[in-house]
Amino acid sequence: MSLLEGKTAVITGSSGGIGRGIARTFADHGASVVVADISEEPREGGTPTHELLQEEGAESMYVECDVSDYDDCVAAVEAADEFGGIDVMVNNAGIVGPQDPLVDIDLEDYRNLISINLDGVVHGSKAAALAMLEQGVHGSIVNMSSVAGITGFGGITPYSAAKGGVRSFTYALASELGPDGIRVNAVHPGIIETTMTTEDSPFVGTEQEEKMLPTIPLRRVGQPEDVAGVVTFLASDLASYVTAESVIVDGGQLNTQ
Ligand code: NAP
């Protein structure tokens, strides 16, 4: 079923990881995709996302975009005009940032994390909302939070702060944009296997993962496709009466602790 036929999406941080999974699933469902990322090459290796999508028959392009820069987000949204204008914005780009107790953290590292993980979502949302309002599009904005945006994880306090901010921001923006038919939702992944969890904050493939698996009802860590399915639903008309919602994608872990 082509849930996104005729729709154009801008996905930040979609050169690799979860964003790349979302881009592939969106394209499978008929969407044209603007890959907006700070780098074109996937860190995990392989063909750049936009080329992969083109090879598979979808319309796609890459736009260099640092989400901490509002003008870059505006340019990424404008690039969607090439494919008929933006219908869906996925604010996915993020980093794990400092992984020390707050008392040991350099505040510059904290500010950098916030500029990407929280400001980046605000920038992308504002740029997309302005374009959707101008075009009169009943669009969908999906913001990437985390289970760390629901419960506090010591050791990554700046990350938790940003992701909690994304959750509340999503609800507030849904309230503002609902009357114009624009839906805004958040997604909260648990542990998903990407370079974030294999390299930046090594967990997947370590002893820690083995210890954690019994606490996950579905007994496995997630894959980018697991998150992509939920984002595709929220982006599509199947979710036409869903806004100001946040969906946990963690194999059931958080709600069974
Ligand atoms: P990832 O594999 O590191 O992919 C993130 C992508 O975003 C990369 O392509 C990265 O480029 C890009 N990026 C980094 N900084 C950027 C910036 N300033 N502007 C634009 N793009 C930027 O991470 P992921 O695991 O897919 O994470 C995607 C989102 O899911 C993040 O918001 C993350 O917080 C969230 N999340 C992940 C997990 C998990 O377990 N993996 C769990 C919960 C939530 P480079 O590779 O060149 O840096």
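1. In this predicted model, the backbone of Cys65 approaches the ligand: one of its N or O atoms lies 3.4 Å from a ligand nitrogen atom. A polar backbone atom of Ile18 is 2.8 Å from an oxygen atom of the ligand. From a side chain, Tyr159 places a polar atom 2.6 Å from a ligand oxygen.

2. The ligand, taken alone, exposes 880 Å², and the protein buries 92% of that area. The elements that each give two or more residues to the surrounding shell are helix H1 (17-28), helix H6 (157-177) and helix H7 (195-200). The largest share, three residues, comes from H7.

3. In total, 30 residues surround the ligand, and the closest are Asp37, Ser39, Asn92, Tyr159 and Thr194. By class, this shell holds 13 nonpolar, 13 polar and four charged residues.

4. The largest nonpolar core has 29 residues, of which Val10, Val34, Ile86, Met89, Met132 and Ile141 touch the most other members. Two or more residues of this core come from each of strand E2 (32-37), strand E3 (60-64), helix H3 (70-79), helix H5 (119-135) and H6. H5 gives the largest share, five residues. H6 thus appears both in the ligand shell and in this core.

5. Val10 merits separate mention. Leaving aside neighbours within four places in sequence, Val10 is in contact with Val34, Ala36, Ala76, Val77, Ala80, Ile86, Val88, Met89 and Val90. Apart from the core that includes Val10 lies another core of 27 residues, among them Leu4, Ala9, Leu53 and Val227.

Key
Residues numbered from 1 in each chain as written. Predicted model: local features only at pLDDT ≥ 70, side-chain atom pairs only at ≥ 80, totals over all residues. Heavy atoms only, no water. Near = heavy atom within 4 Å. Polar contact = N/O pair within 3.5 Å; in protein donor to acceptor, adjacent residues only side chain to side chain. Areas by Shrake-Rupley, 256 points an atom, 1.4 Å probe, with all protein chains shown as cover. Helix = DSSP H or I, 4+ residues; strand = E, 2+ residues; numbered from the N terminus. Nonpolar A, V, L, I, M, F, W, Y, C, P; charged D, E, K, R; others polar. Core = buried A, V, L, I, M, F, W, Y, C linked by side-chain atoms within 4.5 Å. Buried < 20%, exposed > 50% of the residue type's maximum accessible area, 1.4 Å probe, protein only. Contact = heavy atoms within 4.5 Å.
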